[in-house]
Amino acid sequence: MAKMNFGGVEENVVTREEFPLAKAQETLKDETIAVLGYGVQGPGQALNLRDNGFNVIVGQRKNSKSWDKAVADGWVPGETLFELEEACEKATIIQYLLSDAGQISLWPTVKKHLTPGKALYFSHGFAVTYKERTGIIPPEDVDVILVAPKGSGTSLRRMFLEGRGLNSSFAIFQDATGKAKDRVVALGIGVGSGYLFETTFKREVYSDLTGERGTLMGAIQGIFAAQYEVLRKNGHTPSEAFNETVEELTQSLMPLVAENGMDWMYANCSTTAQRGALDWWKKFRDATQPVFEELYSEVAAGNEAQRSIDSNSKSDYRVKLEGELKELHDSEMWKAGATVRQLRPENNG
Ligand SMILES: NC(=O)c1ccc[n+]([C@@H]2O[C@H](COP(=O)([O-])OP(=O)(O)OC[C@H]3O[C@@H](n4cnc5c(N)ncnc54)[C@H](O)[C@@H]3O)[C@@H](O)[C@H]2O)c1
Ligand SMILES: CC(C)(O)[C@@H](O)C(=O)O
Ligand SMILES: [Mg+2]
Ligand SMILES: [Mg+2]
């Protein structure tokens, strides 16, 4: 494992140079990897593993949309696509990629097939870290490992097809066979990770829940909405408000930030923008920091996990969710966004 310096802090990372695909293939040559669940991560990881030459099968409920999607992606019923229990039986490595709530209900079935020496793989530290709430306590004689791609399964697949790689974290909760480290790193390379950084199940779930509720999705939508509303209230058109809040960020500035960092962006805008951004960023940091503190403590207390488990297990969960998503979809800001996206020359022919 290479030690790399991240802004003055040394961390362990695994790169593709250090652990090439050929080594990953050799490590897992006698394994049958069953990817359970074909939602968002399932397809990304299963297809990348298949294209990378691993022995991989998919387990999914029959008569479901995800089953049909798996068939459309070339998984063959009875050969590489099975009902969940049959896939568990055939697997030496079970990649548990059902929704976090779905993992709770299927657990008794999965546990039954976790015979000594198998590996149980997660892409989230949720099930094991919050075991008192999920009831997921793996037997002691199996490896329990994690590769958590830091992004959507959609991006994992897209970036793989573009010859790029999404970064993932990896962790070992339990090394029963003495092979857990090689297995987890080989799987991380196999699913198409750019590089792998080391974590624990607990640190993965605390940071992931914070990130998705924070700057990755929750906080950013909140900041978008606040700025858009202020601009609209002050007489700006939807076009102007949307362009100045979202479109410029995603189309112009974020690709540059991705390439070079926000420090570079600050050094490469107008002196007017530079002055203002330098003067205002700390005010935004100070205003939001208490919310982030509250968020992190709710995550660490397990309350966020419990809320997610509870809401997912309600019978009207789907109906309520659709209502909430519709509210966002029907908001003026995102309707304006749909029109703006349509007007991108590459989208309007
Ligand atoms: N969505 C992402 O891009 C992403 C990114 C990183 C990590 N993860 C993690 O990966 C795992 C999978 O997440 P996902 O978003 O792909 O899941 P998902 O919500 O898309 O669901 C995956 C599959 O679970 C099946 N499922 C749900 N409940 C079930 C049940 N009770 N019985 C049988 N099958 C059931 C669904 O049919 C679906 O095919 C989770 O642990 C998640 O936290 C997801
Ligand atoms: C894609 C995300 C937000 O990073 C993931 O954590 C998820 O739960 O979907
Ligand atoms: Mg997440
Ligand atoms: Mg995440």
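Helices and strands are taken here as DSSP runs, with at least four residues (H or I) for a helix and at least two (E) for a strand. On that basis, the span of residues 9-199 is 39% helix and 25% strand. The C-alpha atoms at the two ends of residues 9-199 lie 14 Å apart. The model is a predicted one. An unreviewed UniProt entry lists residues 9-199 under "domain: KARI N-terminal Rossmann".

Two ligands can be described by their surroundings. Ligand 1 has 24 residues around it, and those that come nearest are Gly37, Gly39, Ser66, Ser99 and Gly102. Three elements give two or more residues to this shell: α2 (41-51), α5 (100-112) and β8 (143-149). Of these, α5 gives the most, with 4 residues. Sorted by class, the shell around ligand 1 consists of 14 polar, 8 nonpolar and 2 charged residues.

The surroundings of ligand 2 are made up of Gly151, Ser152, Asp208, Glu212 and Leu216. Here the classes are 2 polar, 2 charged and 1 nonpolar.

Helix packing comes next, beginning with α10. This helix covers residues 201-213 and packs against α14, which covers residues 271-300. Their axes are 9 Å apart, and the packing angle is about 140°. Angles over 145 degrees would count as roughly antiparallel and 65 to 115 as roughly perpendicular; α10 and α14 are therefore oblique to each other. The crossing of the two helices is right-handed. On the α10 side the contact is made by Tyr206, Leu209, Thr210 and Arg213, and on the α14 side by Leu295, Tyr296, Val299 and Ala300. These residues of the contact divide into 6 nonpolar, 1 polar and 1 charged.

A second helix pair is formed by α12 (residues 238-260) and α17 (residues 332-342), whose axes come within 9 Å. The axes of α12 and α17 cross at roughly 85°, and the two helices are therefore roughly perpendicular to each other. From α12, the contact takes in Pro238, Ser239, Phe242, Asn243, Val246 and Glu247. From α17, the residues are Glu332, Met333, Ala336, Gly337 and Val340. By class, the contact of α12 with α17 contains 6 nonpolar, 3 polar and 2 charged residues.

Definitions and conventions. Residues numbered from 1 in each chain as written. Chains lettered and ligands numbered in written order. Predicted model: local features only at pLDDT ≥ 70, side-chain atom pairs only at ≥ 80, totals over all residues. UniProt positions renumbered as here; feature names shortened; annotations may be inferred. Near = placed C-beta within 6 Å. Nonpolar A, V, L, I, M, F, W, Y, C, P; charged D, E, K, R; others polar. Axes fitted to C-alpha atoms, helices over the stretch in contact; angles between N-to-C directions. Parallel < 35°, antiparallel > 145°, perpendicular 65-115°, else oblique. Left-handed = near helix turned anticlockwise from the far one by under 90°. Contact = placed C-beta atoms within 7 Å.
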